[in-house]
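Please open the structure in your viewer and keep the selection tool at hand. The tour proceeds by selecting a few elements at a time.

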Amino acid sequence: GDVYKRQAAGVVVEAKLDQGKGVVTTILVQKGTLEVGQILVAGPAYGRVRILVDDKGNSLKIASPGMPVQVLGLNLAPEAGDGFSVDDNEKTARDITEYRERRLREQQVIASTRTLDSLFGAAAGTNAKELPVIIKGDVQGSVEAISGSLAKFSTDEVAVRVLHSAVGAINESDISLAKATGAMIIAFNVRAAPKAKDLAAREKITIRYYSIIYEVMDDVRAALSGMLSPDLRENFLGYAEIREIFNITKVGKVAGCMVTDGVIKRGCKVRLLRDNVVIHEGTLKTLKRFKDEAKEVKSGLECGMAFENYDDIR
């Protein structure tokens, strides 16, 4: 009976960013009993367990050994394979995860120094050329798939080195790492946090946004063969925030928006983001200023937008 009484411990199976829910972590409880409200520490992540859900979608108060469950409440996404444990004290949990995150950063710096050495070595013609990359995505599965596929690209002359890969939005430390190493930043179905976006603009670091894995492969293949031109597949125009929703007969739902950055143009391609996760990709159907169709709407102005064949706006 002891296996049930002790505090829960086990392993992380999967972690993803979910619109509206935040970080959703699937864990396997190996020993002990996990309860809602307990403080969970998993790799560099921690948090109070807000919700436990079993594999059938039922909400649980407790999870017993041998059970795979989804947990909501962690501050960031741990990696698949990270161990987890329960801590009684939130401060200790925070200290542990801060220490782990610091160690992870230090390892990244060491890896990046090695990469810089190898890049200089490459310049001197002593060994294979390396393309350093940083991969951030919305789900552990897609991050691993991209890392795995890129690893297969290596030949005698050129190789891809994944400096850092994780679930989550692009943050400032990703930008710093890219600046130190000249790495290519790959954002798969996630965006850059505002501070990271500003830092990237200041440091002239390019973030490449993707939602299709083979497009990532195409670009990296092109970069390896030295053909990657500086012009991007997508030309970023601007950001807008949805402030209100209007139901208009014959048109459907129209989003009343404030343009917060750049410019929005009629007929441009759009991505709808909820909690830094891309939930829809398509085309702008209408762009209005008050009652009139507009060619473009600049930062600081309000406008009405509707999307082609898509209505789930909030």
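The stops below cover a sheet, the helices beside it, the nonpolar cores and the cysteines of this predicted model.

**First stop: the sheet.** Select strands S11, S12, S13 and S14, which form an open sheet in the order S12-S11-S13-S14 with parallel pairing. The edges are S12 (158-167) and S14, each of which pairs on one side only. On average, neighbouring strands of this sheet are turned by 25° against each other, direction ignored.

Next, restrict the selection to S11 (residues 129-137) and S12; these parallel strands are joined by 9 bridges. Within this pair, Ile134 has His164 in S12 as its bridge partner. Then move to S13 (residues 184-188) and S14 (residues 207-210), which also run parallel and are joined by 4 bridges. Here Ala187 stands opposite Tyr209 in S14. As a general guide to viewing such elements, side chains in a regular strand alternate between the two faces of the sheet.

**Second stop: the helices.** Add helix H5 (residues 194-203) to the selection: together with S13 and S14 it makes a right-handed β-α-β unit. Glu203 lies in H5. Is Glu203 buried, exposed or partly exposed? Glu203 counts as partly exposed because its relative accessibility is 33%. Measuring in the viewer from the C-alpha of Glu203 to that of Ala178 should give 9.8 Å, although the two residues are 25 apart in sequence.

Now select helix H6 (residues 213-224), which packs on the sheet and touches S11, S12, S13 and S14. The direction of H6 makes about 170° with that of S13.

**Third stop: the nonpolar cores.** Select Leu34, Leu40, Leu150, Ile175, Ile186 and Val220, the residues with the most contacts inside the largest nonpolar core, which has 57 residues. Centre the view on Val220: beyond its neighbours within four places in sequence, Val220 is in contact with Leu131, Leu150, Phe153, Val160, Met184 and Ile186. A second, separate core has 17 residues, among them Ala255, Val259, Leu284 and Ala294.

**Last stop: the cysteines.** Select Cys268, which is buried, with a relative accessible area of 12%. Why does Cys268 form no bond with Cys303? The closest cysteine sulfur to that of Cys268 is in Cys303, and the 9.8 Å between them is too far for a bond. Cys303 is in no disulfide either; its nearest cysteine sulfur, that of Cys257, is 5.1 Å away. Cys303 counts as buried, at 6% relative accessibility. The count for the model comes to 0 disulfides.

Notes
Residues numbered from 1 in each chain as written. Predicted model: local features only at pLDDT ≥ 70, side-chain atom pairs only at ≥ 80, totals over all residues. Heavy atoms only, no water. Core = buried A, V, L, I, M, F, W, Y, C linked by side-chain atoms within 4.5 Å. Buried < 20%, exposed > 50% of the residue type's maximum accessible area, 1.4 Å probe, protein only. Contact = heavy atoms within 4.5 Å. Pairing = 2+ DSSP bridges. Helix = DSSP H or I, 4+ residues; strand = E, 2+ residues; numbered from the N terminus. Right-handed = clockwise from strand over helix to strand, strands pointing away. Axes fitted to C-alpha atoms, helices over the stretch in contact; angles between N-to-C directions. Disulfide = S-S within 2.5 Å.
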